[in-house]
Amino acid sequence: MAEVDGATLIARSLKQHGVQYMFGIVGVPVVPIAFAAQREGITYIGMRHEQSASYAAQAVGYLTGRPGACLVVSGPGMTNAISGLANAWSNRWPMILLGGASDMSQHGMGAFQEAPQVEAARIWCKYAAAVDRVDKIPYFVEQAVRTSIYGRPGPVYLDLPGDIIGGKTDEERALQRPPVPEPPRTFADPASVEAAVAALKSAERPLVIVGKGAAYAHAEDEVREFIESTQLPFLASPMGKGVMPDDHALSVGAARSHVLQNADLVFLMGARLNWIMHFGLPPRFNPDVRVVQMDIAPEEIGTNVPAEVALVGDAKAVTGQINAVLKEQPWQFGAENTWRTGIAKKIEENQAQTAPMFEDDSVPMNYYRVLREIRDVLPKDAIIASEGANTMDIGRTVLPNFLPRHRLDAGTFGTMGVGLSFAIAAQAVYPGKRVVAVEGDSAFGFSGMEVEVACRYNMPITFIILNNNGISGGPSTIDPDRPVMPVAYVPQARYERVIEAFGGDGYFVETPDQLRPTLERALASGRPNVVNIMINAQAGRKPQQFGWLTR
Ligand SMILES: Cc1ncc(C[n+]2csc(CCOP(=O)(O)OP(=O)(O)O)c2C)c(N)n1
Ligand SMILES: [Mg+2]
């Protein structure tokens, strides 16, 4: 009988179930897993911090619908990856964390890097288990992969003790299970589908909100058919952007506050009424707003605002059901009414307010001036990763998305440090696509060393930094006689030099006339690069009616 070791079985089982990418940092006891993964045909990408590896793994999960794997050593390696579990938990993205663990034979003895890892993972995970027998590896891996993508997606954890990784078993004792099929698509109750259509018809000021749940479900064709056949105005959540192209005539993103505040009915298509949508509550929403809610998770229905109609199911399947009903009884929201004219007026007002900032050539530059140029040089199918406070928030309004799953940002958890990993994951999945990371200088610093990864793997990512000397802007000089401001970083920091250390290209931009040629050069170079752009530390957003955080 042929013998097989634990590491090979782990890699083979992952491959069997469609796990194609592994991000990690090797050491005792997981080194053999990384080598086995490569032998089995899994792409292994070595990162510089486990946090980054865990972010990258979940981006693969979101982009492909199969979890990316994150491989970490025991103890501090595993605990470093918990931020990634938390981010994936919050975003409802699939990933599989593989944590090396101290040998079972030394359990409880104070072994090297021994830690309560399964307990630490459990609260963030849909499934967390310690593998306790080499011949059960295929069982545990199948269970983990399936759980991460079936139902509401999320992170899963497998604890892999050294004596399991290095242990051996007869191949016949550890047979692979059949590959986990694509998640079965769940359909909503037909009566609820009818009720949803009736509710939409009865609304005077309807608003569709497209979330990343619709993006994850690949519902773009169905959502487009639904919006275009009903002519309903729509708004996208930050990562729901691109399910419908941002430049679509029915997009009301440019009047976001106005439509949220005045809609009498919102139809949530895979979007949640959490802080990003201001909980669906006054003052940001109409106190009497009616909610039609489509979500994969029944327990999400009614969060913060009771739902009038619950559509529990997969966004692609359920939107298809709605379209079928609308084929039987075609209906369009009226073309001429005060809802539409009010929105159009608001969009015009908002555009008039920001127009001067787009045109402003002062030095240092403001956000809009810089982002306008980025917008104009990016191809329509670029994948945009983004993080920062103002950089991300203003960037979201200025940088359009035309395709689904082409925007990756700080997300529901508001995590700084994800941007570089998301860009690296996106480039790994789509080697032929233009990938950019649009980063605040603070956000960039969380994972800045990952630029080495882009260089090592020849990923032609452009990391653009909007540098305002700190967290939402710091002083332009550090006064040695005063305490350093908590928001401040070294002024005029030359972040672009970091990538030069690894053979990438660095560009430093201070004036509007340098901006366009530099961005064009960077994007055309086919090489990894950092474009470090100085902006005005006092620059901000257009005046807001409400702060970004609803209290
Ligand atoms: C992991 C983590 N730590 C801290 C924060 C708090 N925080 C929110 S935004 C931000 C940085 C904002 O500065 P920057 O990235 O430079 O963007 P800017 O607003 O200056 O454009 C920080 C530290 C966070 N969201 N996540
Ligand atoms: Mg900043």
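The following paragraphs describe one enclosed strand, its pairing partners and the two largest pockets of a predicted model. Local features need pLDDT of at least 70 and side-chain atom pairs count only at pLDDT 80 or more, while totals for chains, interfaces and linings use all residues. Residues are numbered from 1 along each chain as its sequence is written, and side-chain values use heavy atoms, with hydrogens and water left out.

A useful place to begin is strand S11, which spans residues 265-269; helices (H or I, at least four residues) and strands (E, at least two) are DSSP runs numbered from the N terminus. Because five of its five residues are buried, S11 is largely enclosed by the rest of the structure, where buried means under 20% relative accessible area, exposed over 50% and partly exposed in between, with a 1.4 Å probe and protein chains only. In a regular strand the side chains alternate between the two faces of the sheet. In S11 both faces are covered, with Leu 265, Phe 267 and Met 269 buried on one side and Val 266 and Leu 268 buried on the other.

S11 pairs with strand S9 (residues 206-210) in the parallel sense over five bridges, two strands being counted as paired if DSSP finds at least two bridges between them. Within this pairing, Leu 268 of S11 is the bridge partner of Ile 209. S11 also pairs with strand S12 (residues 290-295), again in the parallel sense and over five bridges, and here Met 269 has Met 294 of S12 as its bridge partner.

Turning to the pockets, the largest holds about 1,500 Å³ of space. Its lining comprises 50 residues, and those closest to its centre are Gly 253, Arg 256, Asp 393, Thr 397 and Arg 541. Strand S10 (234-236) and helices H12 (256-262), H14 (338-359), H15 (367-377) and H16 (390-398) each supply at least two residues of this lining, and H14 gives the most, with nine residues.

The second largest pocket has a volume of about 750 Å³ and is lined by 39 residues, of which Pro 153, Gly 213, Tyr 216, Ala 217 and Ile 296 lie nearest its centre. Helix H10 (212-216) and S12, the latter being a pairing partner of S11, each supply at least two residues of the lining of the second largest pocket, and H10 provides the largest share, three residues.

Technical notes: Chains lettered and ligands numbered in written order. 1 Å grid on protein atoms, 1.4 Å probe; cavity = no way out; pocket = protein on both sides within 12 Å on 5 of 7 lines; lining within 4 Å. Points joined across faces, edges and corners; volume = space filled by probe spheres on them.
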